[in-house]
Amino acid sequence: MGLPWRFWLYGGPLFVFPAVFSLPVSAQDRIRLSHSALEANNAIWYIAKDLGFYKKSGLEAELLFIPSTTTSVMSLVSGDVQVANASGGGVASAVVAGSDLLLVACYQNSLPYELVVNESVRSPEDLKGKSIGISRIGSASDVAARVLLKGMGLEPDKQVLIIQVGGPAERAAAFRTGRIVGFPAPPGVIHLTNMTFKILASTADFKTRFEFPYICATTTKSYLARRRETVKKVVMAHIEAMHFFKSRKDEAKKIISKYSRLTNAAYLEDSYTAAAKLYDRVPLVTRPGMEAQIQEAAGRKPGARLRFEDMVDDGIVRELDQSGFIDKVYAQ
């Protein structure tokens with residue numbers, strides 16, 4: 001089935017990255033994958049393509065860029081892709097609605113977000129009665145906004161209004177025109193604008209890590225049951241890409257720049273540093289973080305009953321860890 005959507009970025013058509021392989025097609029497992037952003041946090045998806053880690057693991061992989069967790073989830077449900085990047089919050093919401101999605105690995109289990117505000121905001125008290133912009137309710141930016149506000153002792157929705165604005169470009173426009181006084185953004189993103197701003201709070205400053213399944217490999221229960229070894233190969237490729245990212249800073253930044261088409265040195269440095277700190281060596285799904293998202297999603301549908309085990313199967317990661325595969329990768 002072909003993708004029923006057309007995606008655009010920076011005023012041009014969507015990038016579609018078919019992998020090119022030298023091995024016979026019969027030696028490779030065919031699979032279609034998708035990731036949802038071109039920033040550093042998603043880099044292991046396209047690093048695995050760029051450096052041939054999918055091929056090394058035995059995959060003939062077509063990698064698509066679908067710039068929305070919600071749409072990535074839709075593509076999984078429809079069968080257009082077999083493994084996609086999706087956050088725990090997005091998966092929990094989809095499962096509550098009846099989808100059979102599963103998280104099989106989470107490479108980042110915390111939200112790397114900053115609260116960007118107008119320079120007139122001098123303290124958290126100045127946010128009271130004003131609006132913070134997010135992409136969509138239930139999105140990572142929504143979760144980040146609420147966590148950051150609570151971390152400063154503020155009550156989301158009651159003291160500070162959270163409104164749906166759209167993607168990064170729409171949020172920047174709303175900020176510039178004064179519709180919102182601030183918005184959550186990944187580290188470094190604000191360097192890409194010519195706006196005056198200040199960072200009021202950052203999840204990186206929290207005393208303990210805020211647990212949230214953020215960059216995760218997600219599939220359907222039915223596909224995992226049929227093609228578990230294929231999914232395992234995807235996770236293996238990502239673990240190799242993650243090791244490369246964490247150990248080869250300059251090369252990783254060049255690949256981020258290549259795919260994002262961004263050359264701003266401050267952005268590349270800040271985004272790389274934040275992502276490298278958050279990539280987990282053993283990419284298990286954080287139970288506290290996922291259970292919090294389950295509770296949040298279930299709260300939006302009265303009577304819904306969900307468990308961690310209903311939407312997480314991290315047996316592949318445990319198998320790779322116990323077999324010594326991860327230790328071998330990191331010993332290189």
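The dialogue below goes through a predicted model and asks what supports each description of it.

Student: What makes up the secondary structure of the chain, and how much of the chain is buried?

Tutor: The secondary structure comes to 14 helices and 13 strands, and buried residues make up 57% of the 332 residues in the chain. Among contacts between residues at least 6 apart in sequence, 80% join residues at least 24 apart.

Student: Why is His35 called buried?

Tutor: The term requires a relative accessible area under 20%, and His35 has 0% relative accessibility, so His35 counts as buried. His35 lies in strand β4, residues 29-35.

Student: What makes the pair formed by His35 and Ala37 a polar contact?

Tutor: A polar contact needs a pair of N or O atoms within 3.5 Å, and a polar atom of the His35 side chain lies 2.9 Å from the backbone oxygen of Ala37.

Student: How do you know whether Ser34 is buried or exposed, and what does Ser34 touch?

Tutor: Ser34, also in strand β4, has a relative accessible area of 0% and is therefore buried. With contact taken as heavy atoms within 4.5 Å, and residues up to four places away in sequence not counted, Ser34 touches ten listed residues' worth of surroundings that include Trp45, Leu63, Leu64, Ile66 and Asn85.

Student: What makes β4 and β5 a pair of strands, and in which sense do they run?

Tutor: Two strands pair if at least two bridges are found between them, and β4 and β5 have seven bridges, in the parallel sense. One of the links is that of Arg32, whose bridge partner in β5 is Glu62. Six of the seven residues of β5, residues 59-65, are buried, so this strand is largely enclosed by the rest of the structure.

Student: Why is strand β7 described as largely enclosed?

Tutor: In β7, residues 101-110, 10 of the 10 residues are buried, and the strand is therefore largely enclosed by the rest of the structure. β7 pairs with strand β13, residues 211-220, in the antiparallel sense over seven bridges, and the bridge partner of Ser110 in β13 is Glu211.

Student: How do you know that the buried residues of α6 are on the same side of the helix?

Tutor: In α6, residues 168-177, the buried residues are Arg171, Ala172, Ala174 and Phe175. They cover an arc of only 165° around the axis, which puts them on the same side of α6. On the other side, Ala169, Arg176 and Thr177 are exposed. The buried residues pack against β8 (114-117), β9 (131-134), α5 (140-151) and β11 (182-185), and the helix is followed by Gly178, whose phi is positive, near 90°.

Student: What makes the length of α5 close to the expected one, and why is α5 called largely enclosed?

Tutor: α5 has 12 residues and reaches 16 Å from its first C-alpha to its last, close to the 16 Å expected at 1.5 Å a residue. Of its 12 residues, 10 are buried, so α5 is largely enclosed by the rest of the structure; among them are Ala140, Val143, Arg146 and Leu149. Just after the helix, Gly153 takes a positive phi of about 80°.

Student: Why is Asp157 called partly exposed, whereas Arg261 is called exposed?

Tutor: Partly exposed covers the range between under 20% and over 50%, and Asp157, with a relative accessible area of 40%, is therefore partly exposed. Arg261 has 60%, so it is exposed. Asp157 is found in the loop between α5 and β10 (161-164), and its phi is near 75°, a positive value in a residue other than glycine. Arg261 is placed in the loop between α9 (249-260) and α10 (265-278), with a positive phi near 60°.

Student: Which residues touch the most other members of the largest nonpolar core, and which helix gives the largest share?

Tutor: Of the 77 residues in that core, Leu127 and Phe245 touch the most other members, and the largest share, 10 residues, comes from helix α8, residues 228-247. Apart from this core lies another, of 23 residues, among them Val81, Ala84, Val96 and Met290.

Notes. Residues are numbered from 1 along each chain as its sequence is written. This is a predicted model: local features need pLDDT of at least 70, side-chain atom pairs count only at pLDDT 80 or more; totals for chains, interfaces and linings use all residues. Side-chain values use heavy atoms; hydrogens and water are left out. Buried means under 20% relative accessible area, exposed over 50%, partly exposed in between (1.4 Å probe, protein chains only). Helices (H or I, at least four residues) and strands (E, at least two) are DSSP runs, numbered from the N terminus. The arc is that of the directions from the helix axis to the C-beta atoms. A polar contact is a pair of N or O atoms within 3.5 Å; within protein, one must be able to donate a hydrogen and the other to accept it, and residues adjacent in sequence count only if both atoms are side-chain atoms. The expected span of a helix is 1.5 Å times one less than its number of residues. A nonpolar core is a set of buried Ala, Val, Leu, Ile, Met, Phe, Trp, Tyr and Cys residues joined through side-chain atoms within 4.5 Å.
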